[in-house]
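Let's take a walk through this fold, starting with the broad picture and ending at a couple of individual residues. Keep the viewer open as you read.

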Amino acid sequence: ALLDPLPPTSFRFVNFNQLFKVDPRTATGWANILRRTPGATLWQLSTPSNGATRLKEEFRVRPVWQATY
């Protein structure tokens, strides 16, 4: 389920900004953070839906992409 507890060796980052505020530079920053934090996940608002699609594409071009929907 969505709120299942995390394993003790993981960390969840949460970004409450709306997706229209996430530009390529911000996506690169998040990608770098996630790449350097083993076991980390990023929770991000998924609205607007076109912003979610764009963010997924930004992460696909960076070596951190693992999608869970």
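Take the contacts in this protein with a separation of 6 or more: 74% of them are between residues 24 or more positions apart. Bear in mind that you're looking at a predicted model. The chain has 69 residues, and 23% of them count as buried. On the outside, the protein exposes about 5200 Å², with carbon and sulfur atoms supplying 58% of that area.

Now for the layout. There are two helices and two strands, and if you read along the sequence you meet them in the order β-α-β-α. Strand β1 covers residues 11-15 and strand β2 covers residues 40-44; the two run parallel, joined by five bridges. To get from β1 to β2, the chain passes through helix α1, residues 24-36, and this β-α-β crossover is right-handed.

What sits in the largest nonpolar core? Eleven residues make it up: Phe-13, Leu-19, Val-22, Ala-27, Trp-30, Ala-31, Leu-34, Leu-42, Ala-52, Leu-55 and Phe-59. Two elements, α1 and α2 (49-60), each give two or more residues to this core. Of the elements, α1 gives the most, with four residues. As a rule, nonpolar side chains in soluble globular proteins tend to be buried together.

Next, find Gln-44, which is in strand β2. Its bridge partner is Asn-15, and the side chains of Gln-44 and Asn-15 are also joined by a polar contact of 2.8 Å. The Gln-44 side chain has a polar atom 2.7 Å from the backbone oxygen of Asn-17 as well. Leaving aside residues up to four places away in sequence, Gln-44 touches Asn-15, Asn-17, Leu-19, Val-22 and Leu-55. Leu-19, Val-22 and Leu-55 should look familiar, since they are among the residues of the largest nonpolar core.

One last stop is Gly-51, over in helix α2. Is Gly-51 buried or exposed? Gly-51 counts as buried because its relative accessibility is 4%, and the cut-off for buried is under 20%. Val-22 comes up again here: it is 29 residues away from Gly-51 along the chain, yet the C-alpha atoms of the two are separated by 8.2 Å.

Terms used:
Residues are numbered from 1 along each chain as its sequence is written. This is a predicted model: local features need pLDDT of at least 70, side-chain atom pairs count only at pLDDT 80 or more; totals for chains, interfaces and linings use all residues. Side-chain values use heavy atoms; hydrogens and water are left out. Two strands pair if DSSP finds at least two bridges between them. A crossover is right-handed if, with the strands pointing away from the viewer, the path from the first strand over the helix to the second runs clockwise. A nonpolar core is a set of buried Ala, Val, Leu, Ile, Met, Phe, Trp, Tyr and Cys residues joined through side-chain atoms within 4.5 Å. Buried means under 20% relative accessible area, exposed over 50%, partly exposed in between (1.4 Å probe, protein chains only). Contact means heavy atoms within 4.5 Å. Accessible areas come from the Shrake-Rupley method with a 1.4 Å probe; for residues, only the protein chains shown count as cover. A polar contact is a pair of N or O atoms within 3.5 Å; within protein, one must be able to donate a hydrogen and the other to accept it, and residues adjacent in sequence count only if both atoms are side-chain atoms.
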